[in-house]
Amino acid sequence: MFSRSAHLYDAIYSYKDYAAEAERLHGLVEARALDARSLLDVACGTGMHLGELRRWYEVEGVDVDPQLLAIARERLSGVPLHQADMTTLDLGRTFDVVTCLFSSIAYVRTPEGLVRATAALARHVAPGGLLVVEPWILPEDWIPSHVAAVFVDEPELKVARINGGAVPKDDRLVLDMHYLVGTPGGAEHFIERHEVGMFTKEQYLDAVREAALDAEWDDEGLFGRGLVLGRRGA
Ligand SMILES: C[S@@+](CC[C@H](N)C(=O)[O-])C[C@H]1O[C@@H](n2cnc3c(N)ncnc32)[C@H](O)[C@@H]1O
């Protein structure tokens, strides 16, 4: 997924306010009167949320991509980081809070994948603990004519990442991300294909219920996409 662009990830998403998102997440945990000490971030990418969340929690991370994990390891010395797939994840222990943020859940692609991944995430939630999943864009909010673009303009790095015109088919989206990257060494163009599943609010909530957690939808969310919350009974 990110094999050609891992080294560009932090520059491309530098517009995201990870510190504010972590504060909001911590607020959600505190509002539920959870005396939470441990937190697992699944699909942690380069570890930007973990870097903030470790102010309050003993954190661990999981991602399937070794290149993104290598960047997270440099950022988060001393933090246990595991390479694993969220649909089969089994770390053999539980955490007070388990997160899966920035729509990473969409990469499971199918409704079956959503159920399997949610069950695996839920297996890691301690009694009384909280699961927080940030969904991908809901089907009713997808605008097929929208052309998405991100630009990076640093002294020695220019990037234009553009994708557009994707139409959901069988509740799946194929996004061809075109990158034009300029460095002191020259300019290159490449395409990365991302296949994601589009799930409804009910599919997200049902998956959490199937995993035996109490399900709740938070409209405000962290990044305008809402949040799916699952609470395990004490
Ligand atoms: C949009 S990025 C989000 C990364 C990070 N959470 C953030 O907020 O910057 C999606 C992440 O999901 C990871 N991912 C995709 N499929 C996965 C899977 N099956 N298991 C674990 N991680 C996965 C990717 O490697 C990538 O790090």
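Which residue places a polar side-chain atom 3.0 Å from a nitrogen atom of the ligand? The close-ups below take up this contact and others in a predicted model.

**View 1. Polar contacts hold D85, M86 and Y9 against the ligand.** The residue asked about is D85, through a polar atom of its side chain. M86 uses its backbone instead: an N or O atom there lies 2.8 Å from a ligand nitrogen atom. Y9 contributes a polar side-chain atom, 2.7 Å from an oxygen atom of the ligand. On its own, the ligand exposes 590 Å². The protein buries 96% of that area.

**View 2. A shell of 19 residues surrounds the ligand.** Nearest are Y9, Y18, A43, D63 and M86. Sorted by class, the shell comprises 13 nonpolar residues, three polar ones and three charged ones.

**View 3. Helix α4 has a buried face.** The helix spans residues 66–75. Its buried residues are L68, L69 and A72. Viewed down the axis of α4, they fall within an arc of 100°, so they line one face of the helix. An α-helix has 3.6 residues a turn, so positions three or four places apart point the same way. Cover for the buried residues of α4 comes from elements including α1 (9–12), β2 (58–63) and β3 (81–83).

**View 4. D65 caps the N-terminal end of α4.** The cap is a side-chain oxygen of D65. This oxygen lies 2.7 Å from the backbone nitrogen of Q67.

Conventions: Residues are numbered from 1 along each chain as its sequence is written. This is a predicted model: local features need pLDDT of at least 70, side-chain atom pairs count only at pLDDT 80 or more; totals for chains, interfaces and linings use all residues. Side-chain values use heavy atoms; hydrogens and water are left out. Buried means under 20% relative accessible area, exposed over 50%, partly exposed in between (1.4 Å probe, protein chains only). Helices (H or I, at least four residues) and strands (E, at least two) are DSSP runs, numbered from the N terminus. The arc is that of the directions from the helix axis to the C-beta atoms. Contact means heavy atoms within 4.5 Å. A polar contact is a pair of N or O atoms within 3.5 Å; within protein, one must be able to donate a hydrogen and the other to accept it, and residues adjacent in sequence count only if both atoms are side-chain atoms. A residue is near a molecule or strand if one of its heavy atoms lies within 4 Å of it. Accessible areas come from the Shrake-Rupley method with a 1.4 Å probe; for residues, only the protein chains shown count as cover. Ala, Val, Leu, Ile, Met, Phe, Trp, Tyr, Cys and Pro count as nonpolar, Asp, Glu, Lys and Arg as charged, and the others, Gly among them, as polar.
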